[in-house]
Each structure stands twice: as structure tokens, then as C-alpha cells.
Amino acid sequence: MLDTRSAGCAVIFPGQGAQRPAMGERWRDTAQWRIVGEVSEWTGYDIAELVLRTGEQRLRNTDSAQLSIFTMSLMAMDYLIEHRMIGRVHACAGHSLGEYTALVAAGAISARAGARLVAARGAAMRTATGQRPGTMAAILGASGAVVEEFTAAARSDGAQVWVANVNGPRQVVVSGTVDGVEAVARAARESRLKVVRIAVDGAFHTPLMAAAAPQLRAALDNVEFRATGTAVGANVDAGL
């Protein structure tokens, strides 16, 4: 096993779909639990309620999911640092929401600013999902080009579905309306590919989320970003 205490490392933070009920239970008696109170104070959300007692269905709401995962990620990172389980972090990245956690971990924005941005992002996206509901699914075993063909065929039949994330050469996420994602999932299964549903309530990373942009842009305009010696990977273009 690599001893990361003496080696440089990179940290990747999760996005929506990683949440689960009672995921904060094991952290209640740790020093990191203070972060739950801090995020609650900064955002006005009861984070303890979200990570201890909220059921699966409500936790899928984008605002609840984003703040819960953001808080849990901060606690995990704080634990690794406190117990000297990692060495110097040279780079941070994250899946969608996780990019905000990465910016905090890299020191580009404060934890307070990150929490407030995530709260604003979640609220804006929940409004958009209320107007244009949707879902997402991962297609495993196919290239991005193949999945693009699936989505193009579905759109030619009137469906609203797009490639949303290219997580790797053989893991591609599609997003759109429930019917649109099901059309692509059906084509993938017919091609003997594995389909994994993602526990989200919106068509994230698609034109159906356009209504969230103005509110998030206003929140971003109020945040000061600092130069940092730690690289942060951007989701939009994979740049640092």
C-alpha cells in the first residue's frame, strides 16, 4: 500500500448520487462534527437533520443532496489532514458539485464561501428541476461516440437527452427527461451494455437546467477567488 503521508497526492471529491441516509452517523463523535454546525450556520440549512435523519427520497432533492455531500466531503478531508493520512496535496478535482469542494480544499475559496455557493447552486437547480424534471444514468462499457449515437437517435425521435459527463473511456453519463434517459438505457441494454441509474432528480448538465444559471451567476459574482499553489481540475474543459 502506498504511504501517502510521505508522498504528494491528488484528491477527487464526489458529486450528486453519492448521498445515502444516515451517512453522518459515524461522524457524530469525531472532531469533524463541528463542520456540520458551521455549514448549518453559514447556509441556514439543518445539516445534522440531512445527514442523520433524512430519508432517501428527500435526500435526492438536489439542494439537500449537494449540501450533504459537500459537508461530508469537508469532514472526510479534515479527518485525513488531522490524522496525517495524506501528504501535500498537489491537485484537487471533483465530479460536478465536487469541484466546489475541490476549490475549498485547494484554498481557492473559503469553506464559508463554498458552503454558500453550494446552497445557492442547490436552490437554483431545485427551481430548475421543478420546472423541467429529469434524471441521469451511467452507461458502462461503451465509448463516448457510441453513447452520442444513442442520444442522437433518441433526440431524432423527439426525446430530450444528452451526453452529460464523460467519466472515462468506457463510462459515460446521459441526462435528460425520464423518457429520454429510458430510451437511451433501452438502446444500451439492447447492445448488452450495463446501465446504472443515478440517484438524482434533475437533468443536470443539459439545456434543461438553463433556468438555474442566472441565480448561480449572481452568487458567483459575490465570491472572491484566491490564487493557490494547488491545481484544481475544471470539469468544463479538464483544464487546471
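**Two sheets and their helices: worked exercises**

β3 and β5 pair in the antiparallel sense over six bridges, where two strands count as paired if DSSP finds at least two bridges between them, and where helices (H or I, at least four residues) and strands (E, at least two) are DSSP runs numbered from the N terminus. The model is a predicted one, in which local features need pLDDT of at least 70 and side-chain atom pairs count only at pLDDT 80 or more, whereas totals for chains, interfaces and linings use all residues. Residues are numbered from 1 along each chain as its sequence is written, and side-chain values use heavy atoms, with hydrogens and water left out.

**Exercise 1. Work out the order of the four strands in the open antiparallel sheet, and identify its edge strands.**

Step 1. Start from β3 and β5, where Ile139 stands opposite Val172 in β5.

Step 2. On from β5, the next partner is β4: six bridges join β4 to β5 (residues 171-176), and the two strands run antiparallel. Within this pair, Val163 is placed opposite Val174 in β5.

Step 3. Return to β3, which is joined to β6 by five bridges, again in the antiparallel sense. Here Ala138 faces Val196 in β6.

Step 4. Put together, the pairs give an open sheet of four strands in the order β4-β5-β3-β6, with antiparallel pairing. The edges are β4 (161-168) and β6 (194-198), each of which pairs on one side only, and the twist from one strand to the next averages 25 degrees.

**Exercise 2. Find the helices that pack on this sheet, and decide how far β3 is covered.**

Step 1. Helix α7 (residues 144-156) lies across β3 (135-140), β4 and β5 and runs at about 170 degrees to β4. Axes are lines fitted to C-alpha atoms (for helices, over the stretch in contact), and angles run from 0 to 180 degrees between N-to-C directions.

Step 2. Helix α8 (residues 178-190) also packs on the sheet, where it touches β3, β4, β5 and β6 (contact means heavy atoms within 4.5 Å), and its direction makes about 155 degrees with that of β6.

Step 3. As for β3, five of its six residues are buried, and the strand is mostly covered; buried means under 20% relative accessible area, exposed over 50% and partly exposed in between, with a 1.4 Å probe and protein chains only.

**Exercise 3. Describe the parallel sheet and the helix α5 that lies across it.**

Step 1. Three strands form this open sheet, in the order β1-β2-β7, and their pairing is parallel. Its edge strands are β1 (9-13) and β7 (231-232), each pairing on one side only.

Step 2. Five bridges connect β1 and β2 in the parallel sense, and Cys9 has Val89 as its bridge partner in β2.

Step 3. Helix α5 lies across β1, β2 and β7, and it runs at about 160 degrees to β2.

**Exercise 4. Classify the packing of α1 against α6 and against α4.**

Step 1. Two packed helices are described by the angle between their axes and the distance between the axes.

Step 2. The axes of α1 (residues 34-43) and α6 (residues 111-131) come within 9 Å and cross at roughly 60 degrees. That angle makes α1 oblique to α6, since angles under 35 degrees count as roughly parallel, over 145 as roughly antiparallel, 65 to 115 as roughly perpendicular and the rest as oblique. Val39, Trp42 and Thr43 of α1 meet Ala111, Arg112, Ala115, Arg116 and Ala119 of α6.

Step 3. Against α4, helix α1 packs at an angle of about 140 degrees, and the axes are 9 Å apart. This angle makes α1 oblique to α4. The residues in contact are Arg34, Ile35, Val36, Val39 and Thr43 from α1, and Leu67, Thr71, Leu74, Met75 and Asp78 from α4.

**Exercise 5. Locate Arg84 and Ser96, each with a positive phi, and state whether each is buried or exposed.**

Step 1. Arg84, a residue other than glycine, has a positive phi near 50 degrees and is found in the loop between α4 (62-82) and β2 (89-94). Its relative accessible area is 66%, and Arg84 is therefore exposed.

Step 2. Ser96, likewise a residue other than glycine, has a positive phi near 55 degrees and lies in the loop between β2 and α5 (98-106). Ser96 has a relative accessible area of 18% and is therefore buried.
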